[in-house]
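Work through the exercises below with the coordinates loaded. Each one gives a task and then a stepwise solution.

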Amino acid sequence: MTSTETAQDAPEALVLPTMTEMPQSPDGSPLSGATTDVILVPMAGENGEERLVALAFTSIPLLVEAMGEEQPWVIILTAEVRDALNGSGAAAVLIDPQLADSPGGDPTSG
């Protein structure tokens with residue numbers, strides 16, 4: 001799995017949208033041993049083949065702006081994202097995406 005940011009540019013933690021609500025500690029991290037389904041989206045790779053990428057945001061406000069207030073999420077330390085996504089099918093992590101349907105996205109650009 002690859003990332004769209006270098007390690008030195010990456011924040012301490014990332015906010016990942018999830019398919020359902022999950023038990024969290026007060027800081028938003030998943031409870032120990034908890035599992036959840038993160039949102040994966042298909043994206044064309046450099047060679048034109050489709051691959052799945054995990055969505056991640058550098059802050060809760062950016063997630064809300066892109067996906068809405070009702071979107072469940074979990075906070076994962078950046079250093080643990082690779083292990084957390086192991087076995088999910090994600091080939092990469094897309095950080096702070098501007099989704100076309102979101103208030104911050106521009107569906108006419110592109």
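The exercises that follow concern a predicted model.

**Exercise 1. Pairing of β3 and β4**

Task: Determine in which sense β3 and β4 pair, and over how many bridges.

Solution:
1. Strand β3 covers residues 40-44, and strand β4 covers residues 50-56.
2. The two strands pair in the antiparallel sense, over five bridges.
3. One of the residues to look up is Leu40, whose bridge partner in β4 is Ala54.
4. The connection makes β3 and β4 a hairpin, with five residues between them.
5. In the turn, Gly48 has a positive phi of about 90 degrees.

**Exercise 2. A backbone angle after β6**

Task: Find where Asp96 is placed, state the sign of its phi, and classify Asp96 as buried, partly exposed or exposed.

Solution:
1. Strand β6 spans 92-95, and Asp96 is in the segment after this strand.
2. The phi of Asp96 is positive, about 55 degrees, although Asp96 is not a glycine.
3. The relative accessible area of Asp96 is 28%.
4. Buried requires a value under 20% and exposed a value over 50%, so Asp96 is partly exposed at 28%.

**Exercise 3. Ala92 in β6**

Task: Classify Ala92 as buried or exposed, and give the C-alpha separation between Ala92 and Leu55.

Solution:
1. Ala92 belongs to strand β6.
2. Its relative accessibility is 4%. The limit for buried is under 20%, therefore Ala92 counts as buried.
3. Along the chain, Ala92 and Leu55 are 37 residues apart, while their C-alpha atoms are separated by 8.9 Å.

**Exercise 4. Two residues of one loop**

Task: For Thr18 and Pro30, establish the accessibility class and list the contacts, leaving out residues up to four places away in sequence.

Solution:
1. Thr18 lies in the loop between β2 and β3, and Pro30 is also found in the loop between β2 (13-17) and β3.
2. Thr18 has 1% relative accessibility and therefore counts as buried, given the limit of under 20%.
3. Pro30 has a relative accessible area of 28%, so Pro30 is partly exposed.
4. Thr18 touches Thr36, Asp37, Val38, Ile39, Gln71, Pro72, Trp73 and Val74.
5. Pro30 touches Met22, Pro23, Gln24, Val74, Ile75 and Ile76.
6. Val74 appears in the contacts of Thr18 and in those of Pro30.
7. Pro30 and Val74 are 44 residues apart along the chain, with their C-alpha atoms separated by 6.4 Å.

Key:
Residues numbered from 1 in each chain as written. Predicted model: local features only at pLDDT ≥ 70, side-chain atom pairs only at ≥ 80, totals over all residues. Heavy atoms only, no water. Pairing = 2+ DSSP bridges. Helix = DSSP H or I, 4+ residues; strand = E, 2+ residues; numbered from the N terminus. Buried < 20%, exposed > 50% of the residue type's maximum accessible area, 1.4 Å probe, protein only. Contact = heavy atoms within 4.5 Å.
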